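Here are some notes for a colleague who is opening this structure for the first time. They are set out as numbered points, to be read alongside the sequence and the model.

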Amino acid sequence: MQPLHEISANGRPEPAWRSAYRHLRMAIINRELAPRIRLIETDLAQTLGISRTPLREALARLEVD
């Protein structure tokens, strides 16, 4: 996974949780994240270049999906 640096359609930076959500969702769909693999917040946050708070928001939204 690569650090997140997304720009929204209106030219403003996208919220970190939304970028993380989209990135993680695509990683799941593309099977870059294997089923039943244990995800460690600190490692994921560091890999994505975000803090744990927006990562937790992204994970919570993925859980709802």
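**Notes on the helix packing and the charged pairs**

1. Helices H2 and H3 are roughly perpendicular to each other, because an angle from 65 to 115 degrees counts as such. In this model, which is a predicted one, the angle between the two helices is about 105 degrees, and their axes are 9 Å apart. For orientation along the chain, H2 covers residues 41-48 and H3 covers residues 52-64.

2. Which residues make the contact between H2 and H3? On the side of H2 they are Glu 41, Thr 42, Leu 44, Ala 45 and Leu 48, while H3 contributes Arg 52, Leu 55, Arg 56 and Leu 59. Sorted by character, the residues of this contact comprise five nonpolar, one polar and three charged.

3. Glu 41 deserves a separate look, since the side chain of this residue takes part in two of the pairs described here. With Arg 52 it forms a salt bridge in which the closest N and O atoms are 3.1 Å apart. This pair links distant parts of the chain, with Glu 41 in helix H2 and Arg 52 in helix H3, eleven residues apart.

4. Glu 41 also meets Arg 56, and the N to O distance of this salt bridge between side chains is 3.0 Å. Here too the pair links distant parts of the chain, as Arg 56 belongs to helix H3 and Glu 41 to helix H2, 15 residues apart. Through the shared partner, the salt bridges join Glu 41, Arg 52 and Arg 56 into one network.

5. Are the members of this network buried, partly exposed or exposed? Glu 41 has a relative accessibility of 25% and therefore counts as partly exposed, the range for that class lying between 20% and 50%. Arg 52 is partly exposed as well, with a relative accessible area of 37%, and Arg 56 is likewise partly exposed, at 39%.

6. As general background, side chains of opposite charge can pair when their charged atoms come close. A search of the whole structure finds four salt bridges, and another of them is the one in which the side chains of Arg 22 and Glu 14 meet, with an N to O distance of 3.1 Å. The two partners differ in their accessibility, since Arg 22 is partly exposed at a relative accessible area of 37%, whereas Glu 14 counts as buried at 15%.

7. Where does Glu 14 lie, and what else does its side chain meet? Glu 14 is placed in the segment before H1, and a polar contact of 2.8 Å joins its side chain to that of Ser 19. Ser 19 itself lies in helix H1, which spans residues 16-29. Ser 19 has a relative accessibility of 5% and so counts as buried, being under the 20% limit.

8. Leu 48, already named as part of the contact of H2 with H3, can be followed to another part of the chain. This residue of helix H2 counts as buried, with a relative accessibility of 0%. The C-alpha atoms of Leu 48 and Ala 20 are separated by 7.3 Å, although the two residues are 28 residues apart along the chain.

9. The loop between H1 and H2 contains two residues whose backbone angles a reader may wish to check, namely Arg 31 and Arg 36. Phi of Arg 31 is near 60 degrees, which is a positive value in a residue other than glycine. Arg 36, also not a glycine, has a positive phi of about 65 degrees.

10. How exposed are these two loop residues? Arg 31 has a relative accessible area of 64% and is therefore exposed, a term that applies over 50%. Arg 36 is exposed too, with a relative accessible area of 83%.

Methods
Residues are numbered from 1 along each chain as its sequence is written. This is a predicted model: local features need pLDDT of at least 70, side-chain atom pairs count only at pLDDT 80 or more; totals for chains, interfaces and linings use all residues. Side-chain values use heavy atoms; hydrogens and water are left out. Axes are lines fitted to C-alpha atoms, for helices over the stretch in contact, and angles run from 0 to 180 degrees between N-to-C directions. Helices (H or I, at least four residues) and strands (E, at least two) are DSSP runs, numbered from the N terminus. Angles under 35 degrees count as roughly parallel, over 145 as roughly antiparallel, 65 to 115 as roughly perpendicular and the rest as oblique. Contact means heavy atoms within 4.5 Å. Ala, Val, Leu, Ile, Met, Phe, Trp, Tyr, Cys and Pro count as nonpolar, Asp, Glu, Lys and Arg as charged, and the others, Gly among them, as polar. Buried means under 20% relative accessible area, exposed over 50%, partly exposed in between (1.4 Å probe, protein chains only). A polar contact is a pair of N or O atoms within 3.5 Å; within protein, one must be able to donate a hydrogen and the other to accept it, and residues adjacent in sequence count only if both atoms are side-chain atoms.
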